[in-house]
Amino acid sequence: MEEKELKALISLLDDDDRDIQVQIESKIISLGTEIIPHLEEEWGKNFNPRVQERIEELIHTLQFSALKTRLSAWKESGAVDLLEGMWLIATYQYPDLEFDTLKQDLEQVYYEVWMEFRADLHPFDQVKILNSVIFNKLKFSANTKNFHSPSNSMINIVLESKRGNPISLCVLYKLIADRLDLPIHGVNLPKLFILTYKSEEHPQFYINAFNRGLIFLKEDIDNYIDELRLTPIDDYYEPCTHLNIVLRVLRNLEVSFDHIGDHAKSDEVKELILQLTENG
């Protein structure tokens with residue numbers, strides 16, 4: 001579409017006739033995400049607050065639609081790359097976030113751990129090194145003051161602020177462990193997300209990243225489940241998939257938006273969850 005045609009369409013966004021507005025918005029949306037830079041440019045040139053607001057809504061609609069498509073593609077490809085899944089969630093709030101930028105930020109954390117890591121140590125001692133670097137040297141910690149903040153579900157903000165909730169800290173921990181070829185996986189406990197070290201060579205044990213990497217055993221989970229008066233199931237002890245992790249992050253995000261009263265965003269996150277759960 002030529003610039004003159006786009007300008008003409010955008011000028012009609014100020015029309016009081018709702019039918020015309022709907023037609024114009026549908027036309028713009030049909031042009032796809034490629035039109036977003038042009039909309040952003042027009043937003044900067046247009047000084048009508050009502051038109052600016054409608055341009056913002058159109059940009060969000062286009063970005064949200066693209067996010068749903070990318071999430072579906074990530075799932076259909078096997079949900080292999082956990083960082084990609086976390087990046088997609090972050091683009092809901094930060095649509096301009098580049099995946100390569102996120103990888104570079106994570107690489108810095110990995111490098112700090114790698115400098116002190118030793119592959120010949122017992123798993124307990126390897127985990128202690130991760131704990132020392134991540135929680136003591138780099139100062140990552142539990143965001144207890146703002147536990148319900150949506151930022152806790154945004155991996156880019158967790159890397160920047162060094163604060164997170166149980167699952168985001170576990171994700172960070174696991175991503176570093178993956179780079180070190182450690183068999184550390186997520187575990188979907190009720191009300192708390194944890195990690196497990198599971199391999200054929202060593203007895204299985206568990207890690208609580210929200211509590212500075214505290215190591216504990218199956219018996220401790222037994223006691224935790226008993227206190228919650230729940231029936232033990234395998235999901236409370238065994239590794240979960242990357243898809244499970246991303247879904248839990250999204251469910252936490254939905255609760256966070258509800259907690260701060262942003263129900264429109266909470267409803268949109270529900271759509272993202274549905275995008276990953278429908279058709280199995």
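A residue is called buried when its relative accessible area is under 20%. That cut-off is applied here to a predicted model, beginning with strand β4.

By this criterion β4 is mostly covered, with six of its six residues buried. In a regular strand the side chains alternate between the two faces of the sheet. In β4, L192, I194 and T196 lie on one side, while F193, L195 and Y197 lie on the other, and both faces are covered.

The strand also has partners along its edges. β3 and β4 pair in the antiparallel sense over six bridges, and L189 stands opposite L192 of β4. The hairpin of β3 and β4 has two residues between the strands, and K191 adopts a positive phi near 65° there. β4 also pairs with strand β5 (residues 205-208), again in the antiparallel sense, over three bridges. Within β5, Y206 is the bridge partner of T196.

The description now turns to helix α11. This helix comprises residues 242-259, 18 residues that reach 26 Å from the first C-alpha to the last, close to the 26 Å expected at 1.5 Å a residue. Its buried residues include H242, L243, V246, V249, L250, L253 and F257. An α-helix has 3.6 residues a turn, so residues three or four places apart point the same way. Buried positions of α11 also include the charged-type names R248 and E254.

What covers the buried residues of α11 includes β3 (184-189) and β4 (192-197), together with the helices α4 (49-76), α5 (82-93), α9 (166-179) and α12 (263-277). After α11 comes G261, whose phi is positive, near 85°.

Methods
Residues numbered from 1 in each chain as written. Predicted model: local features only at pLDDT ≥ 70, side-chain atom pairs only at ≥ 80, totals over all residues. Heavy atoms only, no water. Helix = DSSP H or I, 4+ residues; strand = E, 2+ residues; numbered from the N terminus. Expected span 1.5 Å × (residues − 1). Buried < 20%, exposed > 50% of the residue type's maximum accessible area, 1.4 Å probe, protein only. Contact = heavy atoms within 4.5 Å. Pairing = 2+ DSSP bridges.
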